[in-house]
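Student: Got a minute to go through this fold with me? I'd like to start with how the helices sit on the sheet.
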Amino acid sequence: MDRTLVLLRHAKSSWNDPTLGDFERPLSRRGQRAAPAIASHLAVHSPAPDLVLCSPAQRALETWFHLAPHYPKTAVEMLPALYMAEVPVLLQTLQGLAETVRHALIIGHNPGLHELALALCGSGPERQMKRLREKFPTAAYAEIALIADTWPAVMPAAGALRHFVRPRDLE
């Protein structure tokens, strides 16, 4: 049974309030425009996730709030370990998912999400792979088909990039 993973980088955050720490930064105006656009696109072009794993950082939560109306029955877990997580933590998180989960969505941060996408994607449409290698901008998502019967079997290069969509692709 194949698995599908969507990696969604939080939308653009604001640096306007110097009293806020990195964890508390909200979405900027640009992020508030991009998040609903990418949420609508994702809801139409990708299967509904069985589970959403979200960093509890404010900008990730606000990004999820734009997706939530599209997935009213989807289970959501706020995982502190996802905040600024590196590839080993992200991969371990995936490998620990329940077998009932076939499609997972992670809302998180760079550089970890970008590095995980690059590590997992052993193949994919060349144009999209090229864009993915260049940059994983805010509010972009990568949908990856994982060739694995179980989540513990998910390893580097065990996936094929299906879609890589950036907010500017929707303009």
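Student: What does helix H5 lie across?
Tutor: Helix H5 (residues 126-134) lies across S5 and strand S7 (159-165). H5 runs at about 75° to S7; angles go from 0 to 180 degrees between N-to-C directions, with axes as lines fitted to C-alpha atoms, for helices over the stretch in contact. Helices (H or I, at least four residues) and strands (E, at least two) are DSSP runs, numbered from the N terminus.
Student: And what am I looking at here, source-wise?
Tutor: This is a predicted model, where local features need pLDDT of at least 70, side-chain atom pairs count only at pLDDT 80 or more, and totals for chains, interfaces and linings use all residues. Residues are numbered from 1 along each chain as its sequence is written, and side-chain values use heavy atoms, with hydrogens and water left out.
Student: In what order do the strands of the sheet come?
Tutor: The order is S3-S2-S4-S1-S6-S7-S5, seven strands in an open sheet with mixed pairing. Two strands pair if DSSP finds at least two bridges between them.
Student: Which strands stand at the edges?
Tutor: Strand S3 (75-78) and strand S5 (121-123) do; each has a single partner strand, so one side of each is left without a neighbour in the sheet. From one strand to the next, the twist averages 30°.
Student: OK, S2. Which way do its side chains point?
Tutor: In strand S2 (residues 51-54), Leu-51 and Leu-53 point one way and Val-52 and Cys-54 the other, and all are buried. Buried means under 20% relative accessible area, exposed over 50%, partly exposed in between (1.4 Å probe, protein chains only).
Student: Why the flip-flop?
Tutor: In a regular strand the side chains alternate between the two faces of the sheet.
Student: How many bridges join S2 to S3?
Tutor: Four, and the two strands run parallel. Cys-54 has Met-78 in S3 as its bridge partner. The chain gets from S2 to S3 through helix H2 (residues 58-67), a right-handed β-α-β crossover: with the strands pointing away from the viewer, the path from the first strand over the helix to the second runs clockwise.
Student: Switching topic: is Glu-143 buried or exposed?
Tutor: Glu-143 counts as buried because its relative accessibility is 2%. Glu-143 is found in strand S6 (residues 141-146).
Student: What joins the side chains of Glu-143 and Ser-46?
Tutor: A polar contact of 2.9 Å. That term means a pair of N or O atoms within 3.5 Å; within protein, one must be able to donate a hydrogen and the other to accept it, and residues adjacent in sequence count only if both atoms are side-chain atoms.

Terms used: Contact = heavy atoms within 4.5 Å.
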